[in-house]
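Some labels given to parts of a protein model rest on numerical criteria, and it can help to see each label tested against its own criterion. Please look at the model below with that in mind.

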Amino acid sequence: HGFGKVEMPLTIDPWNGQTLSISGLALSHAAHPAADLAAGLDVSLLEGPRPLVSRGIEPVPAGSSEFHAGEPGYFYFEAYEPLLAAAKPDAPPPVVGMRVRVLDRASGQQKQDTGFRSVGIYEQPGNPVIPILSTLPVANLPPGAWRLEVSVIRQTGDPVVRTTDFDIN
């Protein structure tokens, strides 16, 4: 087995703290219960690199975007909704939705579409960061070159979209 180092550029869009925003997408081959190293602490308060954790589950970021047919895959991202920080405890929180599509990279043809669904289960009261871990829908995809498209939207306004490419061998 050869070991190597993979470096990928990380692009971070400017953010004014007022608009809905979304991080890049991190692909993963495995996820496990998060180590409880900082029990009770909000991970956004930790110094330095922090684990990617969503609802107590931590994905292991993949060093490659290649998946094998039939193997599980996951993706992680963070949505940033500043309205959550300002929400009053007795008021309904703002509704944030996500949609996941898988497209054929060559033709652009849509293979899968989840439609929009609420991300409320990932939200933490008063925290504008919404950490989301979801299953990469690879189970029914044949080998090939694919594009994962994730959209996040609030009740009003346009969706914010991120994409990443992956291959199934």
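The questions that follow take up several such labels in this predicted model.

Q: Why is the link between the side chains of Arg-154 and Glu-81 called a polar contact?
A: The two side chains are joined at 2.6 Å, and the cut-off for a pair of N or O atoms is 3.5 Å, so the value lies within the limit and the name applies. Arg-154 itself lies in strand S10, and Glu-81 is also among the residues it contacts beyond its neighbours within four places in sequence, including Gln-18, Thr-19, Leu-20 and Val-95.

Q: What makes S10 and S11 count as paired strands?
A: Pairing requires at least two bridges; S10 (residues 144–154) and S11 share 9 bridges in the antiparallel sense, and therefore they meet the criterion. One of the bridge partners is Ile-168 in S11, which is matched with Gly-144. The two strands form a hairpin with 5 residues between them, and Gly-157 in the turn has a positive phi of about 105°.

Q: How do you know that S4 pairs with S11?
A: S4 (residues 66–67) is joined to S11 (residues 160–168) by 2 bridges, the strands running parallel; since at least two are needed, the pair qualifies. Here the partner of Phe-67 in S11 is Ile-168.

Q: Why is S4, with residues 66–67, called a strand?
A: A strand needs at least two residues in a DSSP run of E, so residues 66–67 suffice for the label. S4 belongs to a protein with 1 helix and 11 strands.

Conventions
Residues are numbered from 1 along each chain as its sequence is written. This is a predicted model: local features need pLDDT of at least 70, side-chain atom pairs count only at pLDDT 80 or more; totals for chains, interfaces and linings use all residues. Side-chain values use heavy atoms; hydrogens and water are left out. Helices (H or I, at least four residues) and strands (E, at least two) are DSSP runs, numbered from the N terminus. A polar contact is a pair of N or O atoms within 3.5 Å; within protein, one must be able to donate a hydrogen and the other to accept it, and residues adjacent in sequence count only if both atoms are side-chain atoms. Contact means heavy atoms within 4.5 Å.
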